[in-house]
Amino acid sequence: MTGRTGIAALVGGVLAALVMASAADAARDFPRGFLWGTASSGFQSEAGGSPANVDRRSDWYRFTTDPGLIADGVVSGDRVADGPGFLNEWRGDLDRAAHGLGNNAIRLGIEWSRVFPRSTARVDTGRHVSRRELKRLDRLADHAAVRRYRRILEGAQRRGLDVMLTLNHFTLPIWVHDPIAVRAAFAGTGPDDPVPSGIRRAGWLSRSTVGEFRKFAAYAAWKLHGAVDRWATLNEPLITVSQGFVSIPGVTGVKAPAVLSYPAALRALENMGLANAAAYDAIHDRDPRTKVGIVQNMLDWRPANPDSPADVEAASHADSVLSRSFLAIAVDGFYDSDADGVEDPGEVRPRLADKADFIGVNHYSPARAQSLGAPVSPTIPLFDFIPAVTYAGHGNPGGPPCPTTCTDFGWEIDPAGLRSVVAEAASFGKPVYVTENGIDDAEDDQRSAYMRTYLRALSGAIDAGADVRGYYAWSLVDNFEWAEGYSASFGLYGYEPDTLDRQRRGSARAYRRVARTGSLPAAGP
Ligand code: BGC
């Protein structure tokens, strides 16, 4: 071969490879480098296998074991101890994520109460946690728990999984929040009465929780540095706010402490906004280059009656309060202290602004808003609607019948909702990750189609210009569904409580194919 023919052949080869590569790219529904993962939280998945895996220092342990709440049916009474035992099974589970699902990412959570089983209040810090203060915090931490978390996270990275770590997924240490004491303090108060003063261990109702969360975030960033690729500060603050403080079983839902107080809801929202900013800064102080984001639940709010202008307005109010209010705080610094949807003087706080490098969107279903014609409470003028989210199913056993097609949990299925909320999140100008999406489906006869159609909608959102970088299915393995206990099966794997043996569901294979190719099947299971 002469030099010239050699070069021609080389150029020809390169061209052919380029054509083939772009043909392969054209066949893809998702960009190269897209993150494919599953999501889970510590409290929901760690316990099981051994009594030692149960964390009795968590507010949610207290909440779900309270005899009064069990007797009243507020919580299921299921034992946290019967969980999937991630603390025993993490190696196998990470293998399942990497190989069984062909994933390149995972979203995990750590439990504040395991890292700091005892109060950190006596370590004084300013806005920035110094090295000296970190060393003092180190004396209060459970080193074995921290080492184990680090091993798990490094184990994930070793398997080629990009790690997103959630610092707060609903749970607080019992020294920060005693939900039973908080409930007792609210007994006999009306929904618009002022928040009772002097509650000890008041959780998100106390400004001191912001400072304690800053310490936890700074410490986690120090100790887990390098083992985390991106951080999520808070999971679904609006679920904590709406189900924890405007808790109407069957309508809004139940999360600890499950009280009904509009002023408390606003106070919790503000404290969570401050906590997000504090954690964002604390993590960036230790690692300026890492990414720190917020995870927001976003229902696709629709008018109960599309022909009713009042319902159309109600849906927009629901969207504003329940989907946008925290993003407005974390991105724009806008805390709407009188919840009227108007940006009044003093409501934009520069210290809260620009505290999210990305937005995590948790989306499962659409929801409907029916206008009431007037606010439920003068404290939250935008709350002038009846929400309908969860129909009869595991999530709302006495709920109304499903108006369309629903999951076992009682959530309507409509993939168009994902496209719409992702576009809405992207309009805040930050990269978006779908940090949760999935389905309660023990029989596994709806999950493959659910994922395929929702992912098709996601691909549509990307084609329309949304900067979406990853998708995390909820969840890798069935787990403890908060107040609903073990009734729900969100896992791509089930498990046997006695042996912790995992069973791969058929849909896991379908997800693996998508994760490995970045392409969706035209139709089929
Ligand atoms: C939460 C998860 C929960 C899932 C299914 C999300 O609200 O972040 O903890 O298990 O939805 O209900």
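User: Let's start on helix H8: what relative accessibility does glutamate 154 have?
Analyst: This is a predicted model, in which local features need pLDDT of at least 70 and side-chain atom pairs count only at pLDDT 80 or more, while totals for chains, interfaces and linings use all residues. Numbering runs from 1 along each chain as its sequence is written, and side-chain values use heavy atoms, with hydrogens and water left out. Glutamate 154 sits in helix H8 (residues 143-158); helices (H or I, at least four residues) and strands (E, at least two) are DSSP runs, numbered from the N terminus. Buried means under 20% relative accessible area, exposed over 50% and partly exposed in between, with a 1.4 Å probe and protein chains only, so glutamate 154 counts as partly exposed, its relative accessibility being 29%.

User: How many aromatic pairs does the structure hold?
Analyst: Rings of Phe, Tyr and Trp (its six-membered ring) pair if their centres lie within 6.5 Å; planes under 30 degrees apart count as stacked, over 60 as edge-to-face and the rest as tilted. By that rule, the number of aromatic pairs in the structure is 29.

User: How are the rings of tryptophan 36 and tyrosine 511 arranged?
Analyst: The centres of tryptophan 36 and tyrosine 511 are 6.2 Å apart, with 70° between the planes. Tryptophan 36 belongs to strand E1 (residues 35-39) and tyrosine 511 to helix H16 (residues 506-517), so the pair ties together parts 475 residues apart in sequence. Tryptophan 36 is buried at 2% relative accessibility, and tyrosine 511 is buried at 2% too. The arrangement of this pair is edge-to-face.

User: What angle lies between the planes of tryptophan 112 and phenylalanine 216?
Analyst: This pair links distant parts of the chain, with tryptophan 112 in helix H6 (residues 112-115) and phenylalanine 216 in helix H10 (residues 208-223), 104 residues apart. Tryptophan 112 counts as buried at 2% relative accessibility, and phenylalanine 216 is buried at 1%. The rings are stacked, 5.3 Å centre to centre, and the angle between their planes is 5°.

User: Which ring has the charged end of arginine 96 over it?
Analyst: A charge sits over a ring if NZ of Lys or CZ of Arg is within 6 Å of the ring centre and within 35 degrees of the ring normal. Lysine 223 lies over the face of tryptophan 222, 4.7 Å from the ring centre. For arginine 96, the charged end is 5.9 Å from the centre of the ring of tyrosine 493.

User: Which cysteine is joined to cysteine 402?
Analyst: A disulfide is a pair of cysteine sulfur atoms within 2.5 Å, and a search of the whole structure finds one. With 85° about the S-S bond, the link is right-handed. Cysteine 402 is partly exposed at 27% relative accessibility, whereas its partner is buried at 15%. The S to S distance is 2.2 Å, and the partner is cysteine 406.

User: How much of the accessible area of the ligand does the protein cover?
Analyst: The ligand is surrounded by 13 residues, the closest being Gln44, His169, Glu236, Glu436 and Glu481; a residue is near a molecule or strand if one of its heavy atoms lies within 4 Å of it. Polar contacts are pairs of N or O atoms within 3.5 Å; within protein, one must be able to donate a hydrogen and the other to accept it, and residues adjacent in sequence count only if both atoms are side-chain atoms. Oxygen atoms of the ligand lie 2.9 Å from a side-chain N or O atom of histidine 169 and 2.8 Å from a polar side-chain atom of glutamate 436. By the Shrake-Rupley method with a 1.4 Å probe (for residues, only the protein chains shown count as cover), the ligand has 300 Å² of accessible area on its own, and the protein covers 94%.

User: Which residue in the loop between E11 and E12 has a phi near 50°?
Analyst: Most residues other than glycine have a negative phi, and most peptide bonds are trans. Serine 475, found in the loop between E11 and E12, follows a cis peptide bond from tryptophan 474, with omega near 10°. The residue with the positive phi in this loop is buried at 2% relative accessibility and belongs to an aromatic cluster whose members include Phe480 and Tyr486. The residue with phi near 50° is tryptophan 482.
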